[in-house]
Amino acid sequence: MALRLTASAIDARYGAVRALNGASIFVESGETVVLLGTNGNGKSTLMKCLMGLVRPVSGSITLEVDGVTHDLTRLPTEEIVGLGVALVPEGRRLFPKLTVEENLMLGAYRRSARERTAANLSFAYDAFPVLAERRKQLAGTMSGGQQQMLAIARALMSSPRLLLVDEPSVGLSPLLVSQTITKIEELKTRFGLTVLMAEQNFHQAVRIADRGYVIVHGEIAFEGKTVDELRSNEIVKQLYLGGA
């Protein structure tokens, strides 16, 4: 099943503030692509543009699924989800006064995922056993690491083909960051997913990436066709490797 996401020359603004300036990326079926950037450089805005949560002022975003090309700039978010795209948002964005299981069930809204709700729920609990143990617990009373697990599992409930993960390391300890990144790779393999991950933790992100981009001040400053190219890039060295 072929899939390709392409964003070309994306400009996006919040009022008079330009958040993206001609940003272009692509993600091919089966890849794990990382979008690297420090805070405030446009990672989350680009992810929101891909999901239809922010409308670019110019540029194009297309998703090719099994030979059919869809213009994402013309679709509402729910239709983008219906094409098999799911977002794990920065800050998790759970419903704190709903239980773990209620949050998961909300992730199964996509029409084509509803018939697989029971199987996906079983898979979520298998992938994250702590969620099964706490299925009746209110999401807002869980630890940061447990909430991140729940946010990822909720996205998987929609049976996605393309998983967008925005800053999974935010607010987590180094150990939990490592475990979370490892789990994303494991789930990608088990589900046959394509993954685009926005992250500022370079060392953890490149552990599972096939290639990636560096975004600086809303522009794609570098495209690394391999992880080795990312490691050897001067911008990456300055931002993440202490100028080594």
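These legends walk through several close-up views of a predicted model.

**View 1. Four strands side by side make an open sheet.**
Follow the strands across the sheet and you meet them in the order β2-β1-β4-β5, with antiparallel pairing. At the edges sit β2 (17-28) and β5 (68-71), each of which pairs on one side only. From one strand to the next, the twist averages 20°. As a reminder, strands of a sheet pair through backbone hydrogen bonds, either parallel or antiparallel.

**View 2. Strands β1 and β4 run antiparallel, and a helix lies across them.**
How many bridges join β1 to β4? There are 7, linking residues 3-14 of β1 to residues 58-65 of β4. To find your place along this pair, look for D11, which stands opposite S58 in β4. Then look for helix α1, made of residues 43-51, which lies across β1, β2 and β4. Helix α1 runs at about 120° to β1.

**View 3. The largest nonpolar core brings together 46 residues.**
The residues with the most contacts inside this core are L36, L104, L131, L150, L163, M197 and L230. Which helix gives the core its largest share? That is helix α6 (residues 144-156), with 6 residues. L163 is a good residue to zoom in on: leaving aside its neighbours within four places in sequence, L163 is in contact with A86, V88, A155, L193, T194, V195 and L196. Another core, of 32 residues, lies apart from the largest one, and A23, L63, L75 and L196 are among its members.

**View 4. Two residues that are not glycines have a positive phi.**
D66 has a phi of about 50°, and this residue is found in the loop between β4 and β5. S159 also has a positive phi of about 50°, and S159 sits in the loop between α6 and β7 (162-166). Are these residues buried or exposed, or something in between? D66 counts as partly exposed because its relative accessibility is 43%. S159 counts as buried because its relative accessibility is 9%.

**View 5. A salt bridge between R161 and D66 links distant parts of the chain.**
Here we meet D66 again, now paired with R161; their closest N and O atoms are 3.2 Å apart. R161 lies in the loop between α6 and β7, while D66 lies in the loop between β4 and β5, and the two are 95 residues apart. R161 counts as buried, at 17% relative accessibility, whereas D66 is partly exposed. Side chains of opposite charge can pair when their charged atoms come close. The structure holds 12 salt bridges, and the next two views show others.

**View 6. D126 and R190 meet in a salt bridge between two helices.**
The N to O distance here is 2.8 Å. D126 belongs to helix α4 (residues 117-127) and R190 to helix α7 (residues 174-191), 64 residues apart. D126 is partly exposed at 47% relative accessibility, and R190 is partly exposed at 42%. Widen the view and you find a network of salt bridges linking D126, K183, E186 and R190.

**View 7. D228 and R231 form a salt bridge within one helix.**
Both residues lie in helix α9 (residues 227-232), 3 residues apart, which is about one turn of the helix. Their closest N and O atoms are 3.6 Å apart. D228 counts as exposed, with 56% relative accessibility, while R231 is partly exposed, with 41%.

Key
Residues are numbered from 1 along each chain as its sequence is written. This is a predicted model: local features need pLDDT of at least 70, side-chain atom pairs count only at pLDDT 80 or more; totals for chains, interfaces and linings use all residues. Side-chain values use heavy atoms; hydrogens and water are left out. Two strands pair if DSSP finds at least two bridges between them. Axes are lines fitted to C-alpha atoms, for helices over the stretch in contact, and angles run from 0 to 180 degrees between N-to-C directions. Contact means heavy atoms within 4.5 Å. A nonpolar core is a set of buried Ala, Val, Leu, Ile, Met, Phe, Trp, Tyr and Cys residues joined through side-chain atoms within 4.5 Å. Buried means under 20% relative accessible area, exposed over 50%, partly exposed in between (1.4 Å probe, protein chains only). A salt bridge is a side-chain nitrogen of Lys or Arg within 4 Å of a carboxyl oxygen of Asp or Glu.
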